Amino acid sequence: MENMPAQAAAPPPTSPAPSPFPGLITREQEPLNLELPFPTLTEPVVPTNRFFVRSHFPIPALAADTWQLHIEGAVHEALTLSYDELRQLPATTLQATLECAGNGRARLTPKSKGLLWEQGAVGNAEWTGVPLASLLARAGVAPDALEVICEGADQGSVNDEPRAPGVISFARSLPLAKANQPEVLVAYLMNGQPLPPEHGFPARLVVPGWYGMASVKWLTKLTVSTAPYAGYWQTLEYAYWQRSHGQPTLVPVAEMQVKAEIARPALHEAVPAGQPYRVFGAAWAGESDVASVEISTDYGQTWQPAHLLGEAVPFAWRLWEYSWTPPAAPGRHTIQARATDRAGRCQPTTHDPDRRNYMITKIASVEVFVS
Ligand SMILES: Nc1nc2c(c(=O)[nH]1)N[C@H]1C(S)=C(S)[C@@H](COP(=O)(O)O)O[C@H]1N2
Ligand SMILES: [Mo]
């Protein structure tokens, strides 16, 4: 008998389609919430299919040829834009790091409510889109306008406490002072390609320097408003306590706070004794820049400077490395990293309860086994 040519192993017909997000940690299937396993970080720009996904409702099925963006409210002339019209306007391309305000929640004690993200609800990508300021200028913002309410097409009911009043959409307001900054985009490309449905196709807001919740996906409506907006996603959720005149007041989560994360070693990694090890990670600083990253291997008694890699890119995280030589004797060791921004702000050692379960920047510890 003749030898049959070797057949490529075809997957059995019942096997599920390959994951479009290989290697991401599924925190929730519906709605879809996926986390980057942070120890796998290598490059400053995270590939689109490795970028974390945070959604509160099912992903809306939107088509480019029927999608519209409405700009209304306190404007001189309400506007409606199609996808093609949006793509024909002068565009900007920039990098921006998005971090979910709940990133790091798994480290809070007592156990926090909300999705228990470890370190990977953060990513840096290149975004292309039309500056929001240019769209607002076309519509003509009223002189007494304060903010713009940005609404996505996704909807649902929130049945966990605190409940929402029936079916709501995802909406956040941006103060005009930020909305008019040149870096705030109505983005339609991510890393040079049309946004995937999970990241907001056909268009989303990208608010560089702010926590992820400001970057409204599946953007369909911008309402210019003369009064502060107090919707669900900036009062009952994504709000924290700020003290003024001795009184705690709930204010919307906004600018990202300075933070460094260690990608490697991973938690409980086995590290060879007595040989230099490349500690590696990323740091970001919201609207500021990372001025320094420091490493401690003695529980914060002393700190040594890490080396910042590449050039500073506004609104993008900065990768860093540090050469650590573990002691020759085997044992447990703890590595900590802390970042400082241009304004001299550094990370706290404990989580301020006024931040509730958001803005988690307390210095993290990675315990390793030297062997
Ligand atoms: N319409 C809409 N926009 C949204 C969300 C959402 O649930 N619906 N989630 C927000 C939150 S909390 C974050 S952290 C970012 C995450 O963006 P990504 O999924 O592209 O990583 O999207 C924001 N924009
Ligand atoms: Mo988020």
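1. Let's start at the ligand. The side chain of K217 has an N or O atom 2.5 Å from an oxygen atom of ligand 1. Keep in mind as you look around that this is a predicted model.

2. How much of ligand 1 does the protein bury? Taken alone, ligand 1 exposes 530 Å², and the protein buries 100% of that. Have a look at where ligand 1 sits, too: the space it takes is the largest cavity.

3. K217 has company. H199 also brings in its side chain, with an N or O atom 2.6 Å from an oxygen atom of ligand 1. S215 does things through its backbone: a backbone N or O atom of S215 lies 3.0 Å from a nitrogen atom of ligand 1. When you find these three in the viewer, check which part of each residue faces the ligand: for K217 you want the side chain, for H199 the side chain as well, and for S215 the backbone.

4. Now zoom out a little to the shell. There are 19 residues around ligand 1, and the ones that come nearest are F52, D154, H199, R204 and K217. What kinds of residues make up the shell? The split is nine nonpolar, six polar and four charged. If you want to connect this to the fold, try β3 (53-54) and β8 (147-156), since each of these strands supplies at least two residues of the shell.

5. Next, the chain as a whole. By secondary structure, the protein chain comes to three helices and 24 strands. Its radius of gyration is 22 Å, close to the 21 Å that the globule rule gives for 371 residues, so the chain is as compact as a globular protein of that length. Along the principal axes, the C-alpha atoms fill a box of roughly 85 × 70 × 40 Å.

6. Two peptide bonds deserve a click. The bond joining E30 and P31 is cis, with omega about -5°, and P31 has its place in the loop between β1 (25-28) and β2 (33-35). The bond from F201 to P202 is cis as well, with omega near 5°; look for P202 in the loop between β11 (193-194) and β12 (204-206).

7. One last backbone detail. Which sign does phi of Y238 have, positive or negative? It is positive, near 55°, and Y238 is a residue other than glycine. You'll find Y238 in the loop between β13 (219-225) and β14 (239-244).

How values were computed:
Residues numbered from 1 in each chain as written. Chains lettered and ligands numbered in written order. Predicted model: local features only at pLDDT ≥ 70, side-chain atom pairs only at ≥ 80, totals over all residues. Heavy atoms only, no water. Near = heavy atom within 4 Å. Polar contact = N/O pair within 3.5 Å; in protein donor to acceptor, adjacent residues only side chain to side chain. Areas by Shrake-Rupley, 256 points an atom, 1.4 Å probe, with all protein chains shown as cover. 1 Å grid on protein atoms, 1.4 Å probe; cavity = no way out; pocket = protein on both sides within 12 Å on 5 of 7 lines; lining within 4 Å. Sits in = over half its atoms within 2 Å of the grid points. Helix = DSSP H or I, 4+ residues; strand = E, 2+ residues; numbered from the N terminus. Nonpolar A, V, L, I, M, F, W, Y, C, P; charged D, E, K, R; others polar. Rg over C-alpha atoms; globule rule 2.2 N^0.38 Å.
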